[in-house]
Amino acid sequence: MIDVFTDGACSGNPGPGGWGAILRSGAHEKEISGGEPLTTNNRMEMTAAIRALQSIKKPAKVTIHTDSRYLMDGATQWMKKWKMNGWKTADKKPVKNDDLWRALEEASAPHEVSWRWVKGHSDHVENERADALARGAIP
């Protein structure tokens, strides 16, 4: 069982952005982060989850904790419909960030992934740490 705590941040939206994740399995923890010079907050939220899943070497039960409704609702509700519609929304428009939604689907495939929403900036210790990692990775 692996708990993953993710967050994304952007200075301007769009603007330079960063992502951060904490991976925890029992007593073991690992922090990862990165940034991009021109991006959006949603893309950084998604990238945090993708990079965390990609860093897990063996198939595992993974719980992703995120403060992003966009990420969680996309992964748990919208993505299946978008895929069935050829990566188009209900009103036939291309899905925004479909490159990352596809990458998230691929990164999730080896794992049994569940999602938990946490309220951002509410003194949730790991969410605050992930936020600090993301902010610290903004180029």
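In this predicted model, E36 is found in strand β3, which covers residues 28–39. E36 counts as partly exposed because its relative accessibility is 27%, and the band for that class lies between the 20% limit for buried and the 50% limit for exposed. Leaving aside residues up to four places away in sequence, E36 touches G15, P16, G17, M44, T47 and P139. One of these partners, G17, sits 19 residues from E36 in sequence, yet the two C-alpha atoms are 5.4 Å apart in space.

Stepping back to the fold, the protein chain has four helices and five strands. Read from the N terminus, the elements go β-β-β-α-β-α-α-β-α. The radius of gyration of the protein chain is 14 Å, close to the 14 Å expected from the globule rule for 139 residues, so the chain is as compact as a globular protein of that length. As for overall dimensions, the C-alpha trace spans about 45 × 35 × 25 Å along its principal axes.

Now for contacts and burial. Taking contacts between residues at least 6 apart in sequence, 65% join residues at least 24 apart. Buried residues account for 45% of the 139 residues in the protein chain.

Turning to the surface and the charges, the accessible surface of the protein chain comes to about 7500 Å², and carbon and sulfur atoms hold 52% of that. The protein chain carries 20 positive and 18 negative charges, and the mean positions of the two sets are 6 Å apart.

Conventions
Residues are numbered from 1 along each chain as its sequence is written. This is a predicted model: local features need pLDDT of at least 70, side-chain atom pairs count only at pLDDT 80 or more; totals for chains, interfaces and linings use all residues. Side-chain values use heavy atoms; hydrogens and water are left out. Helices (H or I, at least four residues) and strands (E, at least two) are DSSP runs, numbered from the N terminus. The radius of gyration is taken over C-alpha atoms; the globule rule is 2.2 Å times the number of residues to the power 0.38. Buried means under 20% relative accessible area, exposed over 50%, partly exposed in between (1.4 Å probe, protein chains only). Contact means heavy atoms within 4.5 Å. Accessible areas come from the Shrake-Rupley method with a 1.4 Å probe; for residues, only the protein chains shown count as cover. Lys and Arg count as positive and Asp and Glu as negative; His and the chain ends are not counted. The place of a charge is taken as NZ of Lys, CZ of Arg, CG of Asp or CD of Glu.
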